[in-house]
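Trainee: I should like a close look at a single part of this model, namely its nonpolar interior. Please also comment on the cysteines.

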Amino acid sequence: HTEYQKLSLLFCVNRAGSFLIQPPGSGKSLQEIAWLLATKGPGLLVASAKGRETLRRECKRYLRDPGAATALEGFTPYDPPKARIYLTTYEVLAAWKKQILALGLDAVVFDEIHRAKDGRRYEATPIGDDDVRALERGTRRLPPGAFWKETDPGPVVFSRLVTTASVSAEIAHRVPRRLGATATLLPNVTD
């Protein structure tokens with residue numbers, strides 16, 4: 001283990017939120033696992049499908065207890081066994097949201113954090129005049145987070161989308177400690 005890995009870990013361990021930005025092959029996986037183990041309770045490690053396999057191998061390599069890490073896999077959630085580290089992917093994060101929030105996590109690591117970025121926030125659905133009147137009278141309610149407004153060519157309801165970004169943000173806001181890791185710095189732009 002290198003000196004910069006130790007320094008990076010020491011820097012991140014003493015903060016509620018940090019970014020770990022290092023080049024590929026520099027040992028970020030080991031630092032992510034060590035950071036999670038330095039926290040009080042169970043932690044979540046979110047990665048791409050390919051990244052999760054690397055992290056699974058690294059957990060087996062560095063953790064003495066084979067049950068210390070478990071993967072949350074597939075689009076059909078189940079009750080996972082208790083573990084110190086839960087591994088999942090961005091691809092199934094939304095499907096697992098409810099179970100993840102119930103785990104009582106102390107920390108979350110977003111590996112290759114730029115994968116959590118998603119520019120889509122709302123879906124627009126045109127509505128008719130009858131719907132507008134019902135909304136104005138209060139006889140129709142919109143789902144939480146939704147709103148309507150007049151646009152050209154007519155009234156539209158904007159409904160909040162459940163995206164990787166929105167689920168990542170909700171998980172991050174509900175845990176006391178967060179770490180974002182990447183080897184790829186991207187400008188703050190969306191498609």
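Mentor: The following account treats the nonpolar cores and then turns to the cysteines. The model is a predicted one. Its largest nonpolar core has 19 residues, of which Leu44 and Ile100 touch the most other members. Several elements contribute to this core: β2 (43-47), α4 (93-101), β5 (107-111) and α6 (164-174) each supply at least two residues. In soluble globular proteins, nonpolar side chains tend to be buried together.

The surroundings of Leu44 merit a detailed description. Leaving aside residues up to four places away in sequence, Leu44 touches Leu36, Leu72, Tyr86 and Thr88, as well as Ile100 and Leu105; the list also includes Ala107, Val108, Val109 and Ile171. Apart from the largest core lies another core, of 17 residues, with Cys12, Leu20, Ala68 and Leu179 among them.

Cys12, a member of that other core, leads to the matter of the cysteines. Cys12 is buried, its relative accessible area being 4%. Cys59 likewise counts as buried, at 3% relative accessibility. The structure nevertheless holds zero disulfides. The reason lies in distance: for Cys12, the closest cysteine sulfur is that of Cys59, 17 Å away, which is too far for a bond. A disulfide would require the two sulfur atoms to lie within 2.5 Å. The closest cysteine sulfur to that of Cys59 is, in turn, the one in Cys12, at 17 Å, so Cys59 is also too far from a partner for a bond.

Technical notes
Residues numbered from 1 in each chain as written. Predicted model: local features only at pLDDT ≥ 70, side-chain atom pairs only at ≥ 80, totals over all residues. Heavy atoms only, no water. Buried < 20%, exposed > 50% of the residue type's maximum accessible area, 1.4 Å probe, protein only. Core = buried A, V, L, I, M, F, W, Y, C linked by side-chain atoms within 4.5 Å. Helix = DSSP H or I, 4+ residues; strand = E, 2+ residues; numbered from the N terminus. Contact = heavy atoms within 4.5 Å.
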